[in-house]
Amino acid sequence: MEVTHRPRHCVYCSNPLELKARAEELPTETWARVFEEGAELGMFHVHFTGGEPLARNDLVRLVSLAHSLRLYTNLIISGIALNEKKLTALIEVGLDHLQMSFQDGEERFADWIAGAPVHARKLALAGLICESSGLAFTVNLVVHRHNLDRLDSMISLAESLGPQRIEIANVQYYGWALKNREWLLPTREQLKQSLAVIEQAQERLQGQIKIDFVTPDYYATFPKPWMAGWDASSCSCILRAASCPVMLLQ
Amino acid sequence: MKALSHASHPRLGIGCRVRKVENGDSILLLPEGIMRLKGTAAEIIRLCNGERTVADILRAMRALYPSSDLQRIEQEIGSFLNRLLERRAVDFQ
């Protein structure tokens, strides 16, 4: 569920260039109905994404509504808008899994690509998340031409944050990322080297941290299944719930 | 690399939970995934409570299916648990 298009300010954001305005976002009660109808149709998971879902004041309420319908709740955030109080509230209402993105292993590069001094803050938040019992944690490493050569140290950083899962996600060339594609797309050689790094890390961390990897579109033989095929059984509701590549889990 | 042994105490991974669905089957909900638990899978997962060892689980399953081939039970349960571990659907101490 893309609950908002309010920013993330990333050069590789996959959101459309023309975002839905805040006024067009669905109100709480409409999302409640979407969850209810989805649960009735056989939906099991709700993924809260955006934009930055934490930009919505009613996010805790939305997670709570989904949880009360026995839906598995997954929150995908940049982390900037999270604090301890909000994290505690989200866990209390039943958040199952949180995914936070990191832009680099080194602060100066991470802050440079993010366009704001946020890396240190994200590290501190990851510490809080890790200490929270019962909440599953994925570290998402966003990779592109300007950091792929440092993937090894990025994985080391992710590992030190104590997640159950690391997702190494090449930038997806939609929206802003498509506009900036020439600047972001890694070379074939970079990609080849990164695959070796990933394979090594997967072997080393087997049974401790699950590592998933998303190939950049332009180097795959075939268009990849979105979310490694997981999306074959899911549907996206975007703000006005207009666009739905259809699911369903029988 | 981390792998299960007979002395490990497997339990459901963080953020993983079992849910019954309408037809009576169980599904395992994971971060960004779902597993449909067929056959004895649900029973094995139910036994992964962090207190029983893998050896205990094998014993319990043997008791439930006395006519099955022991070696096969051991091999299949072992490979099932390791697959779950790779996905962090189970954890162990």
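Colleague: A charge sits over a ring if NZ of Lys or CZ of Arg lies within 6 Å of the ring centre and within 35 degrees of the ring normal. Which ring has the charged end of A:Lys122 over it?

Modeller: This is a predicted model: local features need pLDDT of at least 70, side-chain atom pairs count only at pLDDT 80 or more, and totals for chains, interfaces and linings use all residues. Side-chain values use heavy atoms, leaving out hydrogens and water; residues are numbered from 1 along each chain as its sequence is written; chains are lettered from A and ligands numbered from 1 in the order in which they are written. At 5.7 Å from the centre, the charged end of A:Lys122 sits over the ring of A:Phe102.

Colleague: How far is A:Arg150 from the ring centre of A:Phe109?

Modeller: A:Arg150 lies over the face of A:Phe109. Its distance from the ring centre is 3.6 Å.

Colleague: How many residues of chain B are in contact with chain A?

Modeller: Contact means heavy atoms within 4.5 Å. Chain A brings 31 residues to this contact. Chain B brings 20 residues.

Colleague: What area do chain A and chain B bury between them?

Modeller: Buried area is the accessible area (1.4 Å probe) lost by two parts on being put together, summed over both. Carbon and sulfur atoms hold 53% of it here. The area buried between the chains is about 2,200 Å².

Colleague: Which three residues supply more of the area that chain A buries against chain B than any other three?

Modeller: Together they supply 28% of that area. They are A:Phe44, A:Arg70 and A:Gln206.

Colleague: Which residue of chain A forms a salt bridge with B:Arg17?

Modeller: A salt bridge is a side-chain nitrogen of Lys or Arg within 4 Å of a carboxyl oxygen of Asp or Glu. There are two between chain A and chain B. In one of them, the closest N and O atoms are 2.8 Å apart. There, B:Arg17 is paired with A:Asp96.

Colleague: How many salt bridges are there over all chains?

Modeller: A search of the whole structure gives the count. Over all chains it finds 16.
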